[in-house]
Amino acid sequence: MEKLSLNLSCFMRLKDLVNLVGGYYDAGDNVKFGSPMAYTITMLSWGAVEFGDKLEAKNELSNALDAIGCGADYFMNAHPEPNVLYGVVGDGDSDHQCWERPEDMTTPRPAFKIDEDHPGSDLAGETAAALAAASIAFKASDPAYSQNLLNHAKQDELLCAAAWLHRATGDSQYIDYLSKGDSGGTRNTFSWDDKSQMDYILGSNPKKMSYMGGFGSSYPIKIHHGGASIVSIKQDPTPVTCEEGCAKWFDKQAPNPNVLEGAIVGGPDENDEYNDSRDNYQQAEPATATNGPLVGVLAQLA
């Protein structure tokens with residue numbers, strides 16, 4: 001009887017575990033932050049919805065959907081029940097004191113959630129928007145998966161998700177919600193020359209430098225990114241500790257041993273100056289929230 005009781009206790013603890021595997025680290029660190037990840041998936045989905053035909057013409061639509069699905073799957077796992085959403089995995093303070101490859105992580109991996117007692121409407125709204133946008137992106141290729149995404153989106157629905165939910169469902173209640181939630185102020189709009197901006201990012205700038213890793217003849221070679229700046233685990237599987245990473249790799253003046261192809265760094269300052277240094281995280285760190293919106297732009301320009 002004692003053994004049975006112990007097994008039952010273990011079962012109940014296992015039953016309460018939440019699978020938070022997957023998703024994306026937002027930048028050069030090893031922490032999963034829900035807000036920038038949700039924004040990234042929303043933007044990727046928007047690009048796939050608006051420019052799906054152009055992505056398909058370049059045989060890139062399936063890659064875009066795979067990238068969206070990786071984040072969307074994570075969000076559904078992070079939303080195990082209504083009014084509960086896990087928004088952070090890892091500890092930013094301890095993580096930022098280390099310099100490691102993702103495969104060698106030794107920092108704590110706590111998970112933080114929002115619920116009825118710990119609200120976070122901005123995170124809930126952006127995540128709902130991401131799920132609703134992703135549901136549209138998958139509607140033609142995988143209707144069942146699309147509906148599952150939409151079901152999750154309809155539950156953590158707020159102002160910033162209302163427009164996407166309306167587009168995904170056609171239900172006017174979301175437009176009503178949007179109008180009621182509006183403060184009545186005038187929304188500013190702006191336009192920009194997509195091509196000139198992309199040309200600038202890719203090399204048509206005073207530095208004559210591409211700010212996309214691996215693109216062009218001159219690009220950042222000391223990107224602030226743990227996985228890129230430490231020798232690949234495929235080349236040397238010896239674990240790199242937190243301290244070793246800082247001393248041996250972060251402070252090393254040589255270029256990163258791995259080219260982070262396609263990653264766009266923070267970029268130049270207001271004077272078009274860029275300091276290609278690994279410790280210059282303000283300019284030299286890439287982020288998914290930077291790359292995500294540009295997929296649609298590049299598809300359109302292609």
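Cys70 sits in between buried and exposed in this predicted model: with 30% relative accessibility, Cys70 counts as partly exposed. Cys246 gets a similar label, being partly exposed with a relative accessible area of 24%. As for bonding, the closest cysteine sulfur to that of Cys246 belongs to Cys242, and at 4.9 Å it is too far away for a bond; the cut-off for a disulfide is 2.5 Å.

Cys242 has a partner elsewhere. Its sulfur lies 2.0 Å from that of Cys98, and the two residues form a disulfide. By the distance rule, the count for the structure comes to one disulfide. The torsion about the S-S bond of Cys98 and Cys242 is about -105°, which makes this disulfide left-handed. Both ends of the bridge are tucked away: Cys98 is buried at a relative accessible area of 13%, and Cys242 is buried too, at 10%. The threshold in play here is 20%, under which a residue counts as buried.

Zooming out, the protein is built with 14 helices and three strands. Of its 302 residues, 41% count as buried. The accessible surface adds up to about 16,600 Å², and carbon and sulfur atoms account for 53% of that area.

Turning to the aromatic side chains, the structure holds five aromatic pairs. One of them joins Tyr200 and Tyr211, whose ring centres are 6.5 Å apart; with the planes at 25°, the pair is stacked. This contact links distant parts of the chain, 11 residues apart: Tyr200 belongs to helix H10 (residues 194-201), while Tyr211 is in the loop between H10 and helix H11 (226-229). The two partners also part ways in accessibility, since Tyr200 is partly exposed at 23%, whereas Tyr211 is buried at 2%.

Tyr211 has a ring contact with Tyr274 as well. Here the centres are 5.3 Å apart and the planes meet at 65°, so the pair is edge-to-face. Tyr274 comes from the loop between helix H12 (242-250) and helix H13 (281-284), and Tyr211 from the loop between H10 and H11, so this pair ties together parts that are 63 residues apart in sequence. Both Tyr211 and Tyr274 are buried. Taken together, ring pairs link Tyr200, Tyr211 and Tyr274 into a cluster, with Tyr211 taking part in the stacked pair and in the edge-to-face one.

Definitions and conventions
Residues numbered from 1 in each chain as written. Predicted model: local features only at pLDDT ≥ 70, side-chain atom pairs only at ≥ 80, totals over all residues. Heavy atoms only, no water. Buried < 20%, exposed > 50% of the residue type's maximum accessible area, 1.4 Å probe, protein only. Helix = DSSP H or I, 4+ residues; strand = E, 2+ residues; numbered from the N terminus. Areas by Shrake-Rupley, 256 points an atom, 1.4 Å probe, with all protein chains shown as cover. Phe/Tyr/Trp six-rings, centres within 6.5 Å; stacked < 30°, edge-to-face > 60°.
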